[in-house]
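User: Could you take a close look at a single part of this model for me, namely how its helices pack? Tell me what else I should keep in mind while I look.

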Amino acid sequence: MGETPTSLLGKALFPSETSPADSITQEHDFQRVVDPLWRQWTDMLSRTEAPKVPQQTGGMAVCEFGLHDIRCVRSCAQDVFDRPNRSTEDAITLTLHTALSHLDQRDTYVRMLFIDYSSAFNTIVPSKLVTKLRDLGLNSALCDWILNFLTGRPQAVRMGSTTSSTLTLNTGAPQGCVLSPLLYSLFTHDCVATHSSNTIVIKFADNTTVIGLITGDDETAYREEVRALTSWCQDNNLHLNVSKTKELIVDFRRRQREEHAPLSINGTTVERVNSFRFLGVHISEDLTWTHHTDFITKSARQRLFFLRRLRRLNMDSRIFCSFYRCTIESILTGCITAWYSSCTALNRKALQRVVKAAQHITRTELPSMEDLYTQRCRKKATKIIKDPSHPATNCSACCRLADGSLAWWGHDLCLCCGEKVEWPRAPYEDF
């Protein structure tokens with residue numbers, strides 16, 4: 001028996017991979033919520049001259065049509081990392097590029113504030129979200145559909161055979177729903193830097209980082225930016241978790257005039273740390289990568305145990321290679337284009353020893369760290385060149401040199417032919 005449009009729409013909005021403790025309520029409650037939304041969508045499509053919906057089955061086509069409209073609006077928002085061809089590598093690279101470019105000047109240092117929100121997705125106010133969507137130009141009928149979807153959601157918790165009483169939710173977006181990340185990004189699109197000349201705000205999903213580019217110990221703009229962000233969070237019902245919010249200060253000046261004054265948010269002092277894990281990469285206050293490489297080397301070596309167990313079972317070499325790529329190589333090469341070129345020779349040898357150990361266990365030829373890095377750089381640079389809206393296009397992280405060779409900033413080999421590249425003296429100005 002074929003699936004109904006309601007069931008297809010339900011699969012798109014509520015993924016089935018949920019634990020017993022997070023299960024949705026009784027089936028009749030779900031039908032009561034989805035059926036009116038499905039009827040409202042079909043009525044709206046029959047009355048308005050909208051673009052043709054793809055020829056698919058019922059509710060799934062309608063859901064994809066709505067997602068297309070939302071993505072079109074999102075592409076016009078100012079969050080440059082929440083769109084296709086964007087990744088954590090791009091956010092980390094832009095952060096490091098901005099900091100290093102500022103530190104090249106005299107009497108400068110950088111303060112990075114890594115914001116932590118308490119249950120960010122659960123605190124979205126649907127009425128404020130819909131107002132912002134209308135201001136962005138989203139279709140009124142679609143805004144009403146989203147408001148209907150986010151309000152009056154009955155939920156319960158089931159543990160085994162015991163089910164709690166039903167609670168109706170009118171705030172937040174469902175965890176795991178395909179719409180939730182999109183709606184959250186649009187909800188926070190107006191959270192931007194007020195002092196764009198010496199502070200930037202980098203957002204990736206629910207991760208927000210404020211970078212203060214400070215010259216001559218003048219932190220006025222940075223502290224005003226933090227106060228503005230705090231006020232914006234209060235106006236938009238987002239709760240700052242100050243105890244988990246950390247600050248990292250990068251200061252290479254030989255003579256510091258005085259100790260850096262601590263930063264306070266809502267009367268609570270923000271903890272200053274020597275290293276912070278930002279989007280999976282450990283950034284240290286001296287911008288070295290020893291702590292990060294030690295961490296991923298230890299994590300990768302722990303997984304060699306499972307590779308040895310597979311060898312005892314006489315598994316096929318293809319299974320060995322697939323397991324290695326998924327569980328070990330993925331750890332070693334996470335965001336590799338952002339940090340590998342700045343690693344010391346000692347760090348690179350430690351990483352390569354893990355590859356050699358895995359190669360000895362699997363008895364197959366595995367790509368070296370240098371080859372993996374070159375391959376990832378070539379792939380990343382090609383994507384950036386094909387995407388004019390990519391943030392690295394403006395910051396010259398990826399450059400096409402005068403002789404036509406393609407290079408990734410900080411990499412001394414051409415990504416096309418492998419020959420050595422001579423970088424110009426002022427790449428940030430010439431490109």
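Analyst: Let's get the cysteines out of the way: counting pairs of cysteine sulfur atoms within 2.5 Å as disulfides, the total comes to 0. Two cysteines make a nice contrast anyway. Cys377 has a relative accessible area of 0%, so it is buried, whereas Cys326 sits at 58% and therefore counts as exposed.

Keep in mind that this is a predicted model. The average pLDDT of the protein is 75, and 70% of the residues score at least 70. Overall, there are 15 helices and 15 strands, and 46% of the 431 residues are buried. If you take the contacts between residues at least 6 apart in sequence, 66% of them join residues at least 24 apart.

Now for the helices. Start with α12, residues 345-362, and α10, residues 317-332: their axes come within 12 Å and cross at roughly 170 degrees. Angles over 145 degrees count as roughly antiparallel, so that is the label for α10 and α12. On the α10 side, the contact is made by Phe320, Tyr324, Ile328 and Leu332, and on the α12 side by Leu351, Val354, Val355, Ala358 and Thr362. Sorted by class, that contact has 8 nonpolar residues, 1 polar residue and no charged ones.

Leu332 is a good residue to zoom in on here. It belongs to α10, and its relative accessibility is 1%, which means it counts as buried. Beyond its neighbours up to four places away in sequence, Leu332 touches Leu351, Val354 and Val355, along with Ile296, Ala300, Tyr324, Trp339 and Met369. Take one of those partners, Val355: it is 23 residues away from Leu332 in sequence, yet the two C-alpha atoms are 9.1 Å apart in space.

Ile296 and Ala300, both touched by Leu332, bring in another helix, since they are among the α9 residues that meet α12. The axes of α9 and α12 come within 10 Å and cross at roughly 5 degrees. With angles under 35 degrees counting as roughly parallel, α9 and α12 are therefore a roughly parallel pair. From α9, the residues involved are Thr290, Thr293, Ile296, Thr297, Ala300, Arg301, Leu304, Leu307, Arg308 and Arg311, and α12 answers with Asn347, Ala350, Leu351, Arg353, Val354, Ala357, Ala358, His360, Ile361 and Thr362. By class, this contact of α9 with α12 divides into 10 nonpolar, 6 polar and 4 charged residues. So you can set that beside the contact of α10 with α12, which has no charged residues.

Just ahead of α9 there's a backbone detail worth a click. Leu287 lies in the loop between β13 (281-284) and α9 (290-312), and its phi is positive, about 55 degrees, although it is not a glycine. Most residues other than glycine have a negative phi. Leu287 is also buried, because its relative accessibility is 16%. Asn266 is another non-glycine residue with a positive phi, near 55 degrees. Asn266 sits in the loop between β9 (264-265) and β10 (268-269), and at a relative accessible area of 55% it counts as exposed.

A couple of spots away from the helix contacts are worth a look too. Thr208 is in strand β7, residues 207-215, and its 5% relative accessibility means it is buried. Leaving out residues up to four places away in sequence, Thr208 touches Leu113, Phe114, Ile115, Tyr117, Val201, Ile202 and Lys203. Val201 also shows up in the contacts of Ala193, together with Thr199, Ile200 and Glu225. Ala193 is in the loop between α7 (180-187) and β6 (199-204), and at 24% relative accessibility it counts as partly exposed. The C-alpha atoms of Ala193 and Ala228 are 8.7 Å apart, with their positions 35 residues apart in sequence.

One caution if you plan to use the coordinates. Over residues 395-411, pLDDT stays under 50, and the model has 61 contacts there beyond four places in sequence. Residues 423-431 also stay under 50, with 22 such contacts. Where pLDDT is low, predicted coordinates shouldn't be read in detail.

Conventions
Residues are numbered from 1 along each chain as its sequence is written. This is a predicted model: local features need pLDDT of at least 70, side-chain atom pairs count only at pLDDT 80 or more; totals for chains, interfaces and linings use all residues. Side-chain values use heavy atoms; hydrogens and water are left out. Axes are lines fitted to C-alpha atoms, for helices over the stretch in contact, and angles run from 0 to 180 degrees between N-to-C directions. Helices (H or I, at least four residues) and strands (E, at least two) are DSSP runs, numbered from the N terminus. Angles under 35 degrees count as roughly parallel, over 145 as roughly antiparallel, 65 to 115 as roughly perpendicular and the rest as oblique. Contact means heavy atoms within 4.5 Å. Ala, Val, Leu, Ile, Met, Phe, Trp, Tyr, Cys and Pro count as nonpolar, Asp, Glu, Lys and Arg as charged, and the others, Gly among them, as polar. Buried means under 20% relative accessible area, exposed over 50%, partly exposed in between (1.4 Å probe, protein chains only). pLDDT is the predictor's confidence in each residue, from 0 to 100.
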